[in-house]
Amino acid sequence: MPSNRSSADPPRSADMASNTFSAAFVRTSGGWSGAEVDLGGAEIVDDFGDAVTEALGLAGDELALLCVEVEDEWFAIARYRGEDEPRVFLSDVHAIVSDTLGELFAEFAGVAPDKDGNGLGVRPAGDFELLSDLGVSSEELLELSMEEGMLPADILSVIAERLSFADELDRLR
């Protein structure tokens, strides 16, 4: 896979907040199966896919989702399937300017965090249609992300329930 980082960029390791949870889920004929994923060594966006493949033992064209929640601030969902281009949804660009993991997800979503901005309001980014063929529409994904008082863990739980992997998510938490 080609790297999304130029050779002039210094390597960076994903500084992970103390309350970071990341797990990947693969859809099989029997449902969903999950595993925790360590993103602490991620230096470039491609490292996320490598970590998912390793954690789940992917070998082919399986559908896999990487779910990441950071503290009570933001979450991301990345979607992988074989050789297809990976896709990502990021719940809030503003909340991620202070950690490297967040910066990598912003890069993955194709946005540059506005470090000088006022940070007012939630600003989702990336592929809003990421889960629509699985049963969560772009409207629902945006509504969940922007709902006042909903924590990232709660939102991922609702999504996992809708996609039928809530038991696996709860087991890994």
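Biologist: Over how many bridges do β1 and β3 pair, and in which sense?

Modeller: This is a predicted model, and in it Ala23 has Cys67 of β3 as its bridge partner, while Arg27 has Leu63 of β3 as its bridge partner. Strands of a sheet pair through backbone hydrogen bonds, either parallel or antiparallel. For β1 and β3 the sense is antiparallel, and the pairing runs over eight bridges.

Biologist: Which residue of β2 is the bridge partner of Ala24, and how many residues lie between β1 and β2 in their hairpin?

Modeller: The strands β1 and β2 also pair in the antiparallel sense, over six bridges. The bridge partner of Ala24 in β2 is Ala35. The hairpin that β1 and β2 form leaves between them two residues.

Biologist: What is the order of the strands in the open sheet, and which are its edge strands?

Modeller: The open sheet has six strands, with antiparallel pairing, and its order is β2-β1-β3-β4-β5-β6. An edge strand is one that pairs on one side only, and this is the case for two strands, β2 (31-36) and β6.

Biologist: Which helix lies across β1, β3, β4, β5 and β6, and at about what angle does it run to β5?

Modeller: Helix α2 is mostly covered, with eight of its 10 residues buried, and among these buried residues are Leu101, Leu104, Phe105 and Phe108. Its buried residues pack against several elements, including β1, α1, β3 and β6 (125-126). The helix that lies across the five strands is therefore α2, and its angle to β5 is about 125°.

Biologist: Which residue caps the N-terminal end of α2, and which residue follows α2 with a positive phi?

Modeller: At the N-terminal end, a side-chain oxygen lies 3.1 Å from the backbone nitrogen of Leu101, and the residue that provides this oxygen as a cap is Asp99. After α2 comes a residue whose phi is positive, near 80°, and that residue is Gly110.

Biologist: How many residues does the largest nonpolar core have, and which element gives the most to this core?

Modeller: The largest nonpolar core has 32 residues, and those with the most contacts inside it include Leu39, Phe48, Trp74 and Phe105. Several elements each supply at least two residues of this core, among them β1 (20-28), α1 (46-56), β3 (63-70) and α2 (100-109). Apart from this core lies another, of 25 residues, which includes Ala23, Ile77, Leu131 and Val136. In the largest core, the element that gives the most, with six residues, is α2.

Biologist: Is Val68 buried or exposed, and what separation do the C-alpha atoms of Val68 and Leu156 have?

Modeller: Val68 lies in strand β3, and because its relative accessibility is 0%, Val68 counts as buried. Leaving aside neighbours within four places in sequence, Val68 is in contact with residues including Phe21, Trp74, Phe105 and Leu156. Val68 and Leu156 are 88 residues apart along the chain, yet the separation of their C-alpha atoms is 8.7 Å.

Biologist: With which side chain does the side chain of Arg79 make a polar contact?

Modeller: Arg79 is found in strand β4, and its relative accessible area of 7% is under the 20% cut-off, so Arg79 is buried. Leaving aside neighbours within four places in sequence, Arg79 is in contact with several residues, among them Leu63, Arg87, Leu131 and Asp133. The polar contact, at 2.7 Å, is made with the side chain of Asp133.

Biologist: Why do the buried residues of α3 line one face of the helix?

Modeller: The buried residues of α3 (residues 138-146) are Ser138, Leu141, Leu144 and Ser145. An α-helix has 3.6 residues a turn, so residues three or four places apart point the same way. Seen down the axis of α3, the buried residues line one face because they fall within an arc of 130°.

Biologist: Which exposed residues does the face of α3 turned away from its buried side carry?

Modeller: On the buried side, the residues of α3 pack against β4, β5 and α4 (152-163). Ser138 counts as buried because its relative accessibility is 9%, and Ser138 touches Phe128 and Glu129, not counting residues up to four places away in sequence. The face turned away from the buried side carries the exposed residues Glu139 and Glu143.

Methods
Residues are numbered from 1 along each chain as its sequence is written. This is a predicted model: local features need pLDDT of at least 70, side-chain atom pairs count only at pLDDT 80 or more; totals for chains, interfaces and linings use all residues. Side-chain values use heavy atoms; hydrogens and water are left out. A nonpolar core is a set of buried Ala, Val, Leu, Ile, Met, Phe, Trp, Tyr and Cys residues joined through side-chain atoms within 4.5 Å. Buried means under 20% relative accessible area, exposed over 50%, partly exposed in between (1.4 Å probe, protein chains only). Helices (H or I, at least four residues) and strands (E, at least two) are DSSP runs, numbered from the N terminus. The arc is that of the directions from the helix axis to the C-beta atoms. Contact means heavy atoms within 4.5 Å. A polar contact is a pair of N or O atoms within 3.5 Å; within protein, one must be able to donate a hydrogen and the other to accept it, and residues adjacent in sequence count only if both atoms are side-chain atoms. Two strands pair if DSSP finds at least two bridges between them. Axes are lines fitted to C-alpha atoms, for helices over the stretch in contact, and angles run from 0 to 180 degrees between N-to-C directions.
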